[in-house]
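User: Please take one part of this model and go through it closely, starting with the helix that packs on a sheet. Then place that part beside the rest of the structure.

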Amino acid sequence: MPPSQLENLFRRIPAVDQILEQSRALVKRYPREVLVEEIRRLQEEWREYIRENDALPGEEFQAGLERRFAALERPSLRRVINATGVVLHTNLGRAPLSSGNGTLGYSNLEFDLAQGERGQRDVHVADLLERLLGTASIILNNNAAATYLILRALAGGREVIVSRGELIEIGDGFRIPEIMAQAGVVLREVGSTNRTHLRDYEEAINENTALIVRVHPSNFRIEGFTGRPALSEICELAHAHGVPVYDDLGSGNLVDLREAGIDEPLVSRSLADGADIVSFSGDKLLGGPQAGIVSGRPDLIIRVRRHPMYRTLRVGKLVLEAMEHTLRSIYFRRYAEVPMLRMILATPGEVEERARAFVALPGGPALEEFGLTVRRGQSMIGGGSTPGQSLETALLALPCVHPERAAAWLREPWENGEERAPVVCRIEKQTLLFDLRTVFPVEEMELMEALLTLPREWIGPR
Ligand SMILES: *Cc1c(COP(=O)(O)O)cnc(C)c1O
């Protein structure tokens with residue numbers, strides 16, 4: 001396009017003053033400098049569009065600006081309907097929480113109400129943890145922080161013994177050997193990838209050994225010719241040499257879930273076996289907010305708590321509130337109050353009953369015509385824990401001509417300018433699968449409404 005014609009197009013971009021004149025509603029709602037800033041950005045986008053397309057954008061500038069402010073007001077972090085059946089979905093925030101009672105305002109976070117003086121934030125969860133685990137605990141930002149601080153506080157500058165079979169990567173680049181290096185400890189690897197013997201540990205112990213570390217291989221299994229000593233054997237050996245043992249449990253169950261078919265190490269078991277200090281995530285199988293809990297011998301807990309880095313890794317009041325809520329429900333065995341436990345403990349029969357009732361909801365019969373059926377399947381635990389462990393479930397199956405497009409449509413956070421909760425589901429061959437195990441009952445109507453918006457020509461058998 002000749003430069004003169006391009007110039008003509010550029011000239012059709014409205015000027016800032018002209019737009020401000022036309023945007024009474026926006027002028028009332030937003031500070032002038034923010035409005036000007038966004039107008040400038042939109043003008044720049046228009047210029048770019050014109051350079052690339054030799055044409056004006058299809059939309060009025062004014063309308064584009066309004067759409068822009070509407071988009072800016074929409075929260076980025078939003079609720080999502082998790083119909084994947086992956087209970088601890090790492091991408092969807094791991095353990096879901098029930099809403100607490102809201103201490104967003106002032107609270108007694110660090111105030112002793114009885115004495116009227118400064119208190120400690122730890123106390124809000126320490127009593128419940130003491131009841132659940134029989135020992136002292138502190139809470140940090142996550143289990144990665146717990147691993148780091150324990151190593152740093154208890155073994156900084158000294159040697160730490162770990163089996164080569166446990167030098168794992170958790171995800172997102174979190175590797176045990178690298179954390180150890182950052183914590184300033186000297187890693188002393190023993191054994192081999194698949195087998196480590198008690199005598200391997202014994203031979204490595206010397207006067208500079210600060211800690212023996214055990215790491216639960218949360219996210220993988222080595223099968224075949226494998227073996228490692230029992231934790232109780234390691235503890236007996238370590239204690240004979242005056243060396244403490246730290247067990248990184250990863251998921252760390254407080255509730256025995258074996259009846260539901262989930263076999264993960266119990267925190268209480270590890271402490272009973274003799275571990276001097278343990279750590280585990282708050283938002284894996286515990287079912288609470290993101291946090292890392294450190295429990296064990298009071299003298300060791302105090303050393304970790306007093307380390308100067310504690311302050312950089314401690315949790316805020318929102319986390320403490322949610323954790324206290326979760327721990328109380330667990331202590332009183334009110335598992336139905338912890339969404340994650342409720343989801344795991346739901347029987348396949350209960351999920352199937354909900355799935356059948358779902359098809360009978362208003363709108364369900366229409367979808368049934370398009371082939372929505374209930375079938376058996378598996379829910380996953382997920383969250384980097386319990387590799388290969390799954391739960392029997394019932395799935396809603398919707399055959400699709402364009403499953404990828406349909407799934408992308410359901411993930412859209414708005415429909416005709418109206419907000420809606422995005423739905424995340426599974427795709428298997430030509431079928432969308434929805435697992436109500438991970439969908440809150442109050443979300444079922446929303447899920448149905450979302451399904452009914454799917455373009456008809458995309459669904460049904462090919
Ligand atoms: C998940 C996990 C971690 C990290 O815990 P976050 O709470 O995600 O920081 C550390 N160690 C093990 C063994 C784990 O499974």
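Analyst: Helix α16, residues 348-359, lies across β12, β13 (390-399) and β18 and runs at about 15° to β13. Touching here means heavy atoms within 4.5 Å, and angles, from 0 to 180 degrees, are taken between the N-to-C directions of lines fitted to C-alpha atoms, for helices over the stretch in contact. Helices (H or I, at least four residues) and strands (E, at least two) are DSSP runs numbered from the N terminus. The model is predicted, so local features need pLDDT of at least 70 and side-chain atom pairs pLDDT 80 or more, while totals for chains, interfaces and linings use all residues. Residues are numbered from 1 along each chain as its sequence is written, and side-chain values use heavy atoms, with hydrogens and water left out.

The sheet under this helix is open and has five strands, in the order β2-β12-β13-β18-β17, with mixed pairing. Pairing requires at least two DSSP bridges between the strands. At the edges stand β2 (86-88) and β17 (426-428); each has a single partner strand, so one side of each lacks a neighbour in the sheet. From one strand to the next, the twist averages 40°.

Taking the pairs in order, β2 and β12 are parallel and share two bridges. V86 has M380 in β12 as its bridge partner. Between β12 and β13 there are eight bridges, and these two strands run antiparallel. There, G377 faces T393 of β13. At the other edge, β17 is joined to β18 (residues 431-435) by three bridges in the antiparallel sense, with E428 and T431 as bridge partners.

One residue of β12 links the helix to the strands. V374 belongs to this strand, which covers residues 373-382. Leaving out residues up to four places away in sequence, V374 touches E352, A355, R356, V359, A394, L395 and L396. Of these, E352, A355, R356 and V359 fall in α16, and A394, L395 and L396 fall in β13. By contrast, A408 is 34 residues from V374 along the chain, and their C-alpha atoms are 22 Å apart.

A second sheet can be set beside this one. It is open, has seven strands in the order β5-β11-β10-β9-β8-β6-β7, and its pairing is also mixed. Its edge strands are β5 (136-140) and β7 (186-190), each with a single partner, so each has one side without a neighbour in the sheet. The average twist between successive strands is 20°. Within it, β6 (residues 159-163) and β8 (residues 209-215) run parallel and are joined by three bridges; E159 is opposite T209 of β8.

Two helices pack on this seven-stranded sheet. Helix α6, residues 123-133, touches β5, β10 (277-281) and β11 (292-296), and its direction makes about 125° with that of β5. Helix α7 touches β5, β6, β8, β9, β10 and β11, with its direction at about 160° to that of β10.

The ligand comes last. It is surrounded by 13 residues, with A144, S218, D248, S281 and K284 the closest; a residue counts if one of its heavy atoms lies within 4 Å. Three polar contacts (N or O pairs within 3.5 Å) involve oxygen atoms of the ligand. The side chain of R94 has an N or O atom 2.9 Å from a ligand oxygen, a backbone N or O atom of N143 is 3.0 Å from one, and a side-chain N or O atom of K284 is at 2.8 Å. On its own the ligand has 380 Å² of accessible area (Shrake-Rupley method, 1.4 Å probe), and the protein covers 94% of this area. The elements giving two or more residues to the shell are α7 (143-155) and β9 (245-250).

Notes:
A polar contact is a pair of N or O atoms within 3.5 Å; within protein, one must be able to donate a hydrogen and the other to accept it, and residues adjacent in sequence count only if both atoms are side-chain atoms.
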